[in-house]
Amino acid sequence: MASTLKMVFMLLFSIFTISLVSCYKGAHHPLDPLSPKELTLVQTIVKKSYNPSSNNSISFHYVGLDEPEKPTVLSWLSKPSTETLIPRRALVFTRVNEQTHEIIVDLSKRIIVSDEVYKGPGYPLLTADEQVAAIQLPLTYGPFIESAKKRDLNVSYAVCSTFTVGWYGGAERTKRVVKVQCYYNKDTVNLYLRPIEGIQIVVDLDKMEIVEYSDTFKIPVPKADGTDYRFSEQKPPFGPRINGAAIMQTNGPGFEIDGHTIRWVNWEFHLAFDVRVGPIISLASIYDPEKHTYRSVLYRGHISELFVPYMDPTEEYYYKTFFDCGEFGFGQNAASLVPLADCPNNAVFMDGYYAAHDGSTVKVPNAFCIFERHAGDIMWRHTELGIPNRVITEARPEVSLVVRMVATIGNYDHIIDWEFKPSGSIKAQVGLSGVLEVKSTTFTNVDQINEEVYGTLLGDNTIGLNHDHFLTYRLDLDIDGVANSFVKQNLVTKHVNDEVSPRKSYWAVVSETAKTESEAKIRSGMAPSDLVIVNPNKKTKPGNHHGYRLIPGTATHPLLLEDDYPQIRGAFTKYNVWVTPYNKSEVWAGGKYVDQSQGQDTLAVWTLRDRKIENEDIVLWHVVGYHHSPCQEDFPVMPTLSAGFELRPTNFFERNPVLKVLPPKPVRWPNCTTKP
């Protein structure tokens, strides 16, 4: 059965690559995100099914495309037609009368296909609306008002924020609760740098009421001086002025957007918006001029989860171990990008849409920007000085295409970039900026510190807390087809045993193909190796398998104990590389229901089955990490810190694919006079 499916997949791909150039015109793409009309239709169908005249309490926590099976999508792409549209279905997580429902809605037939109650550990994504409601509760709550008075604080300047509570052993909580921490934003908008300490507030989200409150100690709120990051509030001396630069493209953008399909130079891919994970790149294929066809590289790629554990184990902060995609949602927290600041002047913008708490449609203007990056880098070059009486120089400027989204979750801004290069490389990068998580202290100088503070003293009465960021990417690579293998090309030191060479050693490549999931679990940096996804069924003329190599960034590994509760939930960060067989249901590395989960449904658990991955349709998971020990340069707002990885063709082409790239035409600038 498996071999038959594999043959069908390969046949579909051979047809698919021939027809990519014109396949989307006039047809609804099966991987398009749900449109505003479809989101409204989901709201109508679901609410109608629960008898709106009754007292049923319904909230929508995830509404997204129920992704069609891959063979179905590939079959449609081989012969796209408005007459043979794939039925559109929505995956919906709701809360109905304090129970979690997982619903499949057939939008074509306007019916509910399935509706199952989830009774296991964990809860779905928090909605923006319920968080807004929760943070308003303390401001009219008598005990909190009294606590503010005891601290000589005007409650009208208090602003609060929600924090998930995690899981710390024992039976799961039976209530959806969050902790609420409040801040003092008088004389500054940088509220996260002025926490009001000593107050613990727990809110029941289903009942929307405060269920726990305590006020145990007082510490002065850090001063507002020097915390505001707005330019209008800055005072001399100023830093250097940054010269602006404009990209002139007289013929307009160098790319084409057709619905959600983007074509640029030799790339074609699909871009979608998801309330949970943000940008999803699908069907990324590159044109091979020697084969005269588009060749598949990435079927589907996106950030799957972001695990952010803080390193303060005290009663006030131990619970701050967040899963930003599964608990808060990258898409739900997408920021509207600002032209000329977030994106250059040659950018084109796209909106995003998601379902609110009541199921109504929320529009995120300028959720994505797409632009050509002219960074002044070199695509390739060589100067030949070895030929007598001649100097030969050839060079080509680097140009790339960038897809960008920014997710602002509380204090942190996550700048998510996908970059495509004509050479065939795909680079994924996340930049971190925003404001540090801090706590108040009595210390004003490091010489005063006589206890563990779990971070860095950044200024008077302000500790920036140590923490981690672990981003897990799901990369469904289909290198020239769905049947792929994962190869570890280990670099091994060899000894020279003959007496001819004066050398004593060299290194060689010893390849090892992973047969099952357990053989593909890798901690980066432990041994020198190249990690390659290959198509074992296709070779270049010299006989090398077509492949793409993962070039990781800095190797970062979890430092928490494996049996520590946050790490049990975030066990999918133990390795930097995982490989699994394709499974439509295995999308979110932290599981479907992450809030208060117990680590029962994660990538680490799925791989315990040790399934076959050789010459199969496989998915590469890559964990990118940072250990962040704050420093004063991060205060009061943090310069962007970036990390990522590259997917680079390895024996995929017969030779350098940009050897014959056409140089840009020279720009004729108008006459101008430069004064000395």
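# Notebook: cavities, cores and cysteines

I began with enclosed space and found six cavities of 30 Å³ or more in the structure. I keep in mind throughout that this is a predicted model.

**Entry 1, the largest cavity.** I looked up its volume first, which comes to about 80 Å³. I then listed the residues that line this largest cavity, and they are Lys179, Val180, Gln181, Ile196, Glu197, Gly198, Ile199, Gln200, Ile201, Glu316, Tyr317 and Tyr319. When I asked which strands contribute, I noted that strand E6 (177-184) and strand E7 (199-204) each supply at least two residues of this lining. Sorting the lining of the largest cavity by class, I have six nonpolar, three polar and three charged residues.

**Entry 2, the second largest cavity.** Here I read a volume of about 60 Å³. For the second largest cavity the lining consists of Phe60, His61, Tyr62, Val63, Leu125, Thr127, Val275, Gln332, Ala355, Ala356 and His357. I traced the largest share of this lining, four residues, to strand E1 (residues 58-65). By class, I find seven nonpolar and four polar residues in the lining of the second largest cavity, with no charged residues.

**Entry 3, the nonpolar cores.** I next turned to buried nonpolar residues, and the largest core that I found has 114 residues, with Val297, Trp418, Tyr473 and Phe486 having the most contacts inside it. A second, separate core of 27 residues includes Ala90, Leu107, Ala355 and Val482. I note that Ala355 also appears in the lining of the second largest cavity. As background I recall that, in soluble globular proteins, nonpolar side chains tend to be buried together.

I then looked more closely at tyrosine 473, and, setting aside residues up to four places away in sequence, I list its contacts as His302, Ile303, Ser304, Trp418, Ala428, Gln429, Val430, Leu620, Trp621, His622, Val624 and Phe645. Trp418, one of these contacts, is also among the residues with the most contacts inside the largest core.

**Entry 4, disulfides.** I searched the whole structure for disulfides and found two. Counting bonded cysteines along the chain, I write their pattern as 1-2, 3-4.

I took the pair of cysteine 160 and cysteine 182 first, and its sulfur atoms are 2.1 Å apart. The torsion about this S-S bond is about 90°, so I record the disulfide of cysteine 160 and cysteine 182 as right-handed. This pair links distant parts of the chain, with cysteine 160 in strand E5 (residues 158-164) and cysteine 182 in strand E6, 22 residues apart. Cysteine 160 counts as buried because its relative accessibility is 6%, and cysteine 182 counts as buried at 3%.

I then turned to cysteine 343 and cysteine 369, which are joined with an S to S distance of 2.2 Å. The torsion about the S-S bond of cysteine 343 and cysteine 369 is about -90°, so I record this disulfide as left-handed. Here too the pair links distant parts of the chain, with cysteine 343 in the loop between helix H6 (324-328) and strand E15 (348-355), cysteine 369 in strand E16 (residues 361-373), and the two positions 26 residues apart in sequence. I find cysteine 343 buried at 3% relative accessibility and cysteine 369 buried at 0%.

What of cysteine 325, and how far away is the nearest cysteine sulfur? Cysteine 325 is in no disulfide, and the nearest cysteine sulfur, that of cysteine 369, is 19 Å away. I also noted that cysteine 325 is buried, with a relative accessible area of 0%, whereas cysteine 631 counts as partly exposed at 32% relative accessibility.

**Entry 5, two single residues.** I placed valine 362 in strand E16, the strand that also holds cysteine 369. Valine 362 counts as partly exposed because its relative accessibility is 23%, which lies above the 20% limit for buried residues. Leaving aside neighbours within four places in sequence, I find valine 362 in contact with Gly352, Tyr353, Tyr354 and Ala356. The C-alpha atoms of valine 362 and leucine 39 are separated by 9.4 Å, although these residues are 323 residues apart along the chain.

Last, I looked up threonine 554, which lies in the loop between strand E29 (545-551) and helix H7 (565-569). Is threonine 554 buried or exposed? At 68% relative accessibility, threonine 554 counts as exposed. I also recorded that threonine 554 and glycine 525, 29 residues apart in sequence, are 8.2 Å apart in space from C-alpha to C-alpha.

Note on methods
Residues are numbered from 1 along each chain as its sequence is written. This is a predicted model: local features need pLDDT of at least 70, side-chain atom pairs count only at pLDDT 80 or more; totals for chains, interfaces and linings use all residues. Side-chain values use heavy atoms; hydrogens and water are left out. On a 1 Å grid over the protein atoms alone, a cavity is a set of points where a 1.4 Å probe fits but cannot get out, and a pocket is an open set with protein on both sides within 12 Å along at least five of seven lines; lining residues have an atom within 4 Å of a point. Grid points are joined across faces, edges and corners, and a volume is the space filled by probe spheres set on the points. Ala, Val, Leu, Ile, Met, Phe, Trp, Tyr, Cys and Pro count as nonpolar, Asp, Glu, Lys and Arg as charged, and the others, Gly among them, as polar. A nonpolar core is a set of buried Ala, Val, Leu, Ile, Met, Phe, Trp, Tyr and Cys residues joined through side-chain atoms within 4.5 Å. Buried means under 20% relative accessible area, exposed over 50%, partly exposed in between (1.4 Å probe, protein chains only). Contact means heavy atoms within 4.5 Å. A disulfide is a pair of cysteine sulfur atoms within 2.5 Å.
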